[in-house]
Amino acid sequence: MRVIRGNQRTLGVGARLDALARLVATAEGRLPAPALEPAREVLRRAAARFGMSAEHTVVILGGATGVGKSSLFNALVGIGLSPVAVRRPTTTQAIACVWEADRLAEARPLLDRLGVETRRQLTRDSALDRSPVRDPLGGLVLVDLPDHDSAVREHQVEVDQAVGLADVLVWVTDPQKYADASWHDRYLKALAHHADIMLIVLNQIDRLPAEAVAECTADLARLVEQDGLTGIPVIAVSARTREGLDELRRALTKRVSGRRAAADRLAADVDRVAERLSTLLVNPSAPEQDDGAASVSDAARAEVMDGLRAAAGVASLADAVSERIASRGEAAVSTPLRALSFLREFGAGGASAAAPRGASRRSLDGSSGGSLRELIRAVADPVGEAPAPVPVDRAALDTVLSRLADAATAALPPDWGRALRAQITGSRRKVADRIDAALAAGEIDARPPARHILVRTGHAALLALTALFAALCFVPGFPYPLGIALAALALLGSVVLDFTARRAARRSAVAAGQVAVGQLSVELAAVAQDELFGPIAEELSRYRSALTDFKAVRDG
């Protein structure tokens with residue numbers, strides 16, 4: 001809602017109201033709806049008031065039964081418009097007087113807004129009004145309200161509505177009722193921000209000894225100041241003798257002639273709302289934030305990434321992938337002599353354990369690659385007896401998100417922090433699904449290195465030479481010792497080639513494991529940015545924007 005400004009005089013409060021409108025929109029869903037309702041009500045009132053006459057000032061006379069409101073109303077008007085009586089209550093319905101008869105139609109929307117019936121919307125028509133010199137109170141709309149302590153519930157509702165909408169509040173009391181706790185607690189203390197648009201009138205001073213008037217007025221001023229209304233004028237008058245009436249007229253003239261009362265009233269309303277919102281938007285335990293980019297700290301990001309890697313099992317991923325690839329690579333470059341039981345036992349403590357007894361041939365030589373998840377599953381169960389997926393550790397992920405929420409909400413006020421925490425912890429399933437998808441989608445080339453063909457060819461050649469030299473031992477005339485020596489050397493060459501090639505295959509497998517870790521780390525970083533860091537930064541920026549608007553609302 002953008003406030004419609006009436007004229008140039010309202011620009012100051014208009015800017016604050018615009019900031020308040022932005023603040024309400026930004027805080028929607030972050031702060032409790034009931035906490036934002038007073039701000040929305042102020043915006044609605046402002047839009048309505050700025051759409052009405054800026055040349056009129058609505059002044060209400062409020063007070064308890066018997067304090068002389070109606071007598072004071074008639075004394076100010078100069079005509080007996082409001083009935084005066086002794087019995088309770090005196091004023092049963094609000095009555096209004098518009099100071100200039102020819103401007104009644106212009107003022108009617110203001111009175112309709114207060115609930116003043118049309119037949120009780122009157123004008124002050126006197127010789128002064130017909131004078132070419134305008135009355136200093138021209139533009140005044142004076143309203144005599146029912147008694148705020150009336151036993152009739154409807155009267156109290158009417159008073160409360162008028163108090164919330166009037167431009168200027170004039171509270172009338174008398175020497176007997178000025179200390180009434182219900183009046184002070186219900187109205188004066190609640191309107192502590194509205195001192196600039198308020199007057200206190202001590203009526204019926206003609207009933208006091210002359211020397212007691214100043215004492216009574218000072219005591220009332222002291223009570224009003226205790227209510228939080230510092231510097232508010234307390235005017236002693238007598239509607240019957242008209243004593244002090246000129247001072248009251250001057251005070252009213254000051255507020256009416258400036259045509260700023262409506263804006264001042266709204267400014268006071270904004271002050272009151274700002275005070276209420278302060279506890280919801282400002283975290284007193286957090287340092288004042290600068291205007292830089294809102295984001296998660298580098299330390300918190302590093303901790304989150306470590307936690308995500310742990311939840312995804314990245315720490316064991318390198319070993320798992322390396323073991324899977326090594327089993328294929330070592331099988332591809334092993335000497336056929338490993339088929340002999342004594343060589344299998346000889347290498348059982350080494351990398352050949354990656355090809356356990358009973359392993360299917362497909363598990364070693366089948367596919368040429370696969371996803372990270374398939375490779376890890378194959379290591380855990382090479383014979384395919386437990387095809388369950390490798391899930392993300394949900395408990396570990398919960399811990400990561402909880403710690404991230406702690407870091408992200410540390411500088412936020414409680415309500416906004418709870419909203420952000422719910423957003424972060426509520427992303428668990430989506431984050432887990434994204435990590436699972438990264439495991440499933442990441443492709444690793446598990447094929448043995450191309451050199452395995454050369455190694456196999458070397459094994460075949462060396463074993464063929466071994467057989468050839470062994471056969472030559474049985475050829476007449478061929479030196480037997482030489483044949484045995486050459487056969488042994490060829491056989492030893494195959495064994496040396498086996499260990500050398502297997503070691504190279506394991507080094508390649510370790511490197512492939514690191515590639516897998518790097519690949520998944522990149523995917524995890526993307527997940528963290530898309531699902532965690534990015535949304536958190538947006539929310540922190542949203543809060544920063546709300547805080548900026550709040551400062552504009554509070555400080556003007």
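**Exercise 1. A salt bridge inside one helix**

Determine where Asp306 and Arg309 lie, and how many residues separate them.

Solution. Step 1: Asp306 and Arg309 are both part of helix 10 (residues 298–311). Helices here are DSSP runs of H or I with at least four residues, strands are DSSP runs of E with at least two, and both are numbered from the N terminus. Step 2: the two residues are three residues apart, about one turn of the helix. Step 3: they form a salt bridge, with 2.6 Å between the closest N and O atoms. A salt bridge is defined as a side-chain nitrogen of Lys or Arg within 4 Å of a carboxyl oxygen of Asp or Glu.

The model is predicted: local features need pLDDT of at least 70 and side-chain atom pairs count only at pLDDT 80 or more, while totals for chains, interfaces and linings use all residues. Residues are numbered from 1 along each chain as its sequence is written, and side-chain values use heavy atoms, with hydrogens and water left out.

Step 4: classify the exposure. Buried means under 20% relative accessible area, exposed means over 50%, and partly exposed lies in between (1.4 Å probe, protein chains only). Asp306 is partly exposed because its relative accessibility is 45%. Arg309 has a relative accessible area of 26%, so Arg309 is partly exposed too.

**Exercise 2. Salt bridges between two helices**

Find which side chain meets Lys430 in a salt bridge, and which one meets Arg434.

Solution. Step 1: Lys430 meets Glu531, at 3.8 Å from N to O. This pair links distant parts of the chain, since Lys430 is in helix 17 (residues 428–441) and Glu531 is in helix 19, 101 residues apart. Step 2: Arg434 also has a salt bridge with Glu531, at 2.9 Å from N to O. Here again distant parts are linked: Arg434 in helix 17 and Glu531 in helix 19 are 97 residues apart. Step 3: Glu531 counts as buried because its relative accessible area is 14%. Arg434, at 28% relative accessibility, is therefore partly exposed. Step 4: the count for the model comes to 32 salt bridges. A network of them links Glu28, Glu37, Arg40, Glu41, Arg44 and Arg45.

**Exercise 3. Helix 19 and its surface**

Identify the residues that make a nonpolar surface patch of about 290 Å².

Solution. Step 1: the patch is made by Leu489, Leu492 and Val496. Patch residues have over 30% relative accessible area and no salt bridge; like charges are joined within 9 Å, and nonpolar side chains (Val, Leu, Ile, Met, Phe, Trp, Tyr) within 5 Å. Accessible areas come from the Shrake-Rupley method with a 1.4 Å probe, and for residues only the protein chains shown count as cover. Step 2: Leu492 belongs to helix 19 (residues 480–555). Step 3: an unreviewed UniProt entry lists residues 478–497 as "transmembrane region". Such annotations may be inferred rather than shown by experiment; the positions follow the numbering used here, and feature names are shortened. Over residues 478–497 the chain is 90% helix and 0% strand, with 28 Å between the end C-alpha atoms. Step 4: Val522 is also found in helix 19, and its relative accessibility of 56% is why Val522 counts as exposed.

**Exercise 4. The neighbours of strand 2**

Work out which strands pair with strand 2, and in which sense.

Solution. Step 1: strand 2 and strand 4 (residues 140–144) run antiparallel and are joined by four bridges. Two strands pair if DSSP finds at least two bridges between them. Val98 has Val141 as its bridge partner in strand 4. Step 2: strand 3 (residues 121–123) pairs with strand 2 in the parallel sense, over three bridges. In strand 3, Leu122 is the bridge partner of Cys97. Step 3: from strand 2 (residues 95–98), Ile95 and Cys97 point one way, Ala96 and Val98 the other way, and all are buried. In a regular strand the side chains alternate between the two faces of the sheet.

**Exercise 5. Positive phi in two loops**

Locate Gln204 and Arg259.

Solution. Step 1: Gln204 sits in the loop between strand 6 (198–202) and helix 7 (210–226), and its phi is near 65°. Step 2: Arg259 is in the loop between helix 8 (245–257) and helix 9 (261–281), with a positive phi of about 55°. Most residues other than glycine have a negative phi.
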